[in-house]
Amino acid sequence: MTPSVHEHGGFRVGWGRQMKVSWKSLPTVLLEDEILDKAFSRAKKAADRVEDQDRTFRVRKQLSRMVQTSADVISTQLLETVNSWPSLDQSAQFDLALIDACVGCDEYRHHLSNLQWAANQVMKVSSQNAKKITRTARTELMHEARKEAYGRISSIVGQVSKSLLWLNEARETLKKLPTVDQSLPVIVVCGAPNVGKSAFISALSTGNMEVNHYPFTTKQIHVGHFTHRRLPYQMVDTPGLLDRPMVERNAIEMQAIAALENIGSLVLFLIDKSEQCGTPLHEQMHLLEDVRSLLGDTPTIVVTSKADLIQPRPSNWDEVKNTENEWRNAGSIGTPKLPLLFDSEQIVTMSAIENVGLDSMRLEIIRLVNQEWATDPLQLPDGWHRE
Ligand SMILES: Nc1nc2c(ncn2[C@@H]2O[C@H](COP(=O)(O)OP(=O)(O)OP(=O)(O)O)[C@@H](O)[C@H]2O)c(=O)[nH]1
Ligand SMILES: [Mg+2]
């Protein structure tokens with residue numbers, strides 16, 4: 001069964017209930033040959049360390065060590081992979097939707113359970129053949145049992161070689177996905193291409209931005225954050241995801257979009273009225289309607305970008321610029337209501353390039369997100385009751 005991203009409706013993640021997935025730290029998945037080479041060479045070294053004056057005893061010890069060591073190495077290797085990959089049952093919906101869109105949840109489960117199976121089989125072979133080796137006094141039978149064990153172990157690993165390959169490739173894909181901690185506020189930034197989404201995220205971010213990709217767009221996705229009162233606010237870019245008409249999007253993209261519905265505490269839609277971005281204003285407005293219908297309940301605020309290009313400049317440009325400077329010089333303390341920068345149509349605006357209107361907007365975002373959180377019963381900490 002493929003989990004549908006719509007299955008849980010408006011489910012939001014509460015504090016710390018689900019694991020944060022860190023794809024970047026997934027260890028490499030060794031392939032069939034690499035696993036066998038590693039196992040058999042370790043097994044050989046283990047056998048070489050055996051010392052015994054009695055030839056029969058020595059051979060017995062050496063061969064049973066070879067069987068046991070190689071099986072141990074393989075099953076440990078396979079189980080480490082199984083255990084280091086996030087369990088889908090415990091994954092947040094955003095991650096589930098991305099996994100499903102990018103590599104497929106069913107396959108993900110299937111290939112990991114294949115490795116689990118192989119790990120068990122290999123251990124069974126090891127114990128059966130180790131017994132054969134210890135129960136005989138004839139060294140040629142011992143050698144036979146060792147050989148048979150190696151053959152059966154190789155064949156088991158061979159049977160999961162496709163799974164190893166699949167997981168190896170899936171890791172490459174998943175590594176490029178953005179990591180978003182859904183127990184913390186997330187601001188989804190969207191708008192037509194080139195309206196200044198990345199510049200906005202970068203201007204509001206403290207520290208480094210994470211640069212990621214969705215496998216279905218060549219554009220980079222930025223994840224940035226700022227911290228207020230020790231709480232990180234994450235900002236996620238959506239390039240290439242929302243900037244085309246609905247009908248042109250494929251199922252995979254729709255799933256990724258559906259995932260975005262669930263992570264955002266707030267959606268910021270950027271409009272470039274200068275049209276320097278290359279998309280005419282009326283098309284940007286169509287896109288806004290699309291985004292509003294796609295992202296449903298999440299509060300959406302519209303912001304005009306590139307305020308420095310607006311002619312004449314917004315009437316309260318100097319006031320906003322000065323107040324923000326004063327606030328910064330005084331140490332950026334608290335969450336005061338600084339005057340927002342407005343364009344001639346009274347839409348909030350900012351300039352990422354000249355850094356005007358950004359601090360006041362940041363403070364407004366903080367207020368909006370906290371308001372939203374305080375009124376969303378599903379966001380209550382553990383132990384609180386829902387109406
Ligand atoms: N004058 C001015 N230019 C800006 C501002 N913000 C962004 N730009 C310019 O607009 C262009 C696009 O900016 P990006 O931040 O890459 O836009 P984007 O929305 O992330 O673009 P995609 O990721 O391709 O969808 C760049 O050349 C920026 O320098 C701004 O506040 N003022
Ligand atoms: Mg961008």
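Here a student and a tutor talk through a predicted model and the words used to describe it.

Student: Let's start with the ligand. Which residues are closest to ligand 1?
Tutor: The closest are Gly-196, Lys-197, Ser-198, Ala-199 and Pro-239, and 17 residues surround ligand 1 in total.

Student: Which helix gives the most to the shell around ligand 1?
Tutor: That's helix α7, residues 197–204, which gives three residues.

Student: What kinds of residues make up the shell around ligand 1?
Tutor: A mix: seven nonpolar, six polar and four charged. Watch out for Gly, which counts as polar here.

Student: Which residues of α7 are buried, and how do you know which side they are on?
Tutor: The buried ones are Lys-197, Ser-198, Phe-200, Ile-201 and Leu-204. They cover an arc of only 160° around the axis, so they sit on the same side of α7. It helps to remember that an α-helix has 3.6 residues a turn, so residues three or four places apart point the same way.

Student: On to helix packing. Why are α1 and α5 called roughly antiparallel?
Tutor: Helix α1 (residues 32–48) and helix α5 (residues 139–159) pack at an angle of about 150°. Angles over 145 degrees count as roughly antiparallel, so α1 and α5 get that name. Their axes are 9 Å apart, and α1 passes α5 in a right-handed crossing.

Student: And what makes α2 and α4 roughly antiparallel?
Tutor: Same kind of check. The axes of helix α2 (residues 55–84) and helix α4 (residues 105–135) cross at roughly 170°. The cut-off is over 145 degrees, and therefore α2 and α4 are roughly antiparallel to each other. Their axes come within 9 Å. The residues of the contact of α2 with α4 divide into 16 nonpolar, eight polar and one charged.

Student: Now single residues. Why is Glu-319 called partly exposed?
Tutor: Count its neighbours: 13 other C-beta atoms lie within 10 Å of Glu-319. Exposed needs 12 or fewer and buried needs 20 or more, so Glu-319 falls in between and is partly exposed. You'll find Glu-319 in helix α10, residues 317–329.

Student: How far apart are Glu-319 and Pro-339 in space?
Tutor: Their C-alpha atoms are 7.9 Å apart, though 20 residues separate them in sequence.

Student: How do you know whether Ala-46 is buried, exposed or partly exposed?
Tutor: Ala-46, in helix α1, has 18 C-beta neighbours inside 10 Å. Buried starts at 20 and exposed stops at 12, so Ala-46 counts as partly exposed.

Student: What separates Ala-46 from Leu-30?
Tutor: They are 16 residues apart along the chain, and their C-alpha atoms are separated by 21 Å.

How values were computed:
Residues numbered from 1 in each chain as written. Chains lettered and ligands numbered in written order. Predicted model: local features only at pLDDT ≥ 70, side-chain atom pairs only at ≥ 80, totals over all residues. Near = placed C-beta within 6 Å. Helix = DSSP H or I, 4+ residues; strand = E, 2+ residues; numbered from the N terminus. Arc of directions from axis to C-beta. Axes fitted to C-alpha atoms, helices over the stretch in contact; angles between N-to-C directions. Parallel < 35°, antiparallel > 145°, perpendicular 65-115°, else oblique. Left-handed = near helix turned anticlockwise from the far one by under 90°.
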